[in-house]
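Let's take a look at a protein chain together. Have the sequence and the 3D view open as you read.

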Amino acid sequence: MTKQELIALVAEQADISKSAAERALAALTEAVLATVVAGGELTIPQIGKFGSVQRAAKAGHNPRTGETIQIAAKRVPKFSAAKALKDAAAA
């Protein structure tokens, strides 16, 4: 589903204009991004939980040369699907 298809679906189901649906989608996206960047956690019921986790530094290998390299620690986004979403996908 494309962004425009999602906007049209939200507009239809919520009985609002497409421009209002686009603003709502943009607001949700901004809320998720701001929360994840701040290191917080945002839960959307029946969808899942957005957050971020800290990955430790580790040793890796360059696949081309076989040389051992150091991979720096970093914060990465994480999503955990809610039970309702998992059940719906399995059906």
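## Surface and charge

Start on the outside: the protein chain has an accessible surface of about 7,000 Å², and carbon and sulfur atoms make up 58% of that. Keep in mind that this is a predicted model.

Charges come next. The protein chain carries 12 positive and 8 negative side chains. Take the centre of each set, and you'll find the two centres 11 Å apart.

## Helices and strands

The protein chain has three helices and five strands. Going along the sequence, they come in the pattern α-α-β-β-β-β-β-α. With a radius of gyration of 19 Å, the protein chain is well over the 12 Å that the globule rule gives for 91 residues, so it is more spread out than a compact globule.

You can also put the C-alpha atoms in a box along the principal axes: it is roughly 60 × 30 × 30 Å.

## Inside the chain

How much of the protein chain counts as buried? Of its 91 residues, 14% do. Now look at contacts with a separation of 6 or more: residues 24 or more positions apart account for 28% of them.

## A check on helix α1

Helix α1 covers residues 3–14, which is 12 residues. At 1.5 Å a residue it should span 16 Å, and its end C-alpha atoms are indeed 16 Å apart, so the two values agree. Just after α1 comes Asp15, with a positive phi of about 55°.

Here's a handy rule while you have a helix in view: an α-helix has 3.6 residues a turn, so residues three or four places apart point the same way.

Notes: Residues are numbered from 1 along each chain as its sequence is written. This is a predicted model: local features need pLDDT of at least 70, side-chain atom pairs count only at pLDDT 80 or more; totals for chains, interfaces and linings use all residues. Side-chain values use heavy atoms; hydrogens and water are left out. Helices (H or I, at least four residues) and strands (E, at least two) are DSSP runs, numbered from the N terminus. The radius of gyration is taken over C-alpha atoms; the globule rule is 2.2 Å times the number of residues to the power 0.38. Buried means under 20% relative accessible area, exposed over 50%, partly exposed in between (1.4 Å probe, protein chains only). Contact means heavy atoms within 4.5 Å. Accessible areas come from the Shrake-Rupley method with a 1.4 Å probe; for residues, only the protein chains shown count as cover. Lys and Arg count as positive and Asp and Glu as negative; His and the chain ends are not counted. The place of a charge is taken as NZ of Lys, CZ of Arg, CG of Asp or CD of Glu. The expected span of a helix is 1.5 Å times one less than its number of residues.
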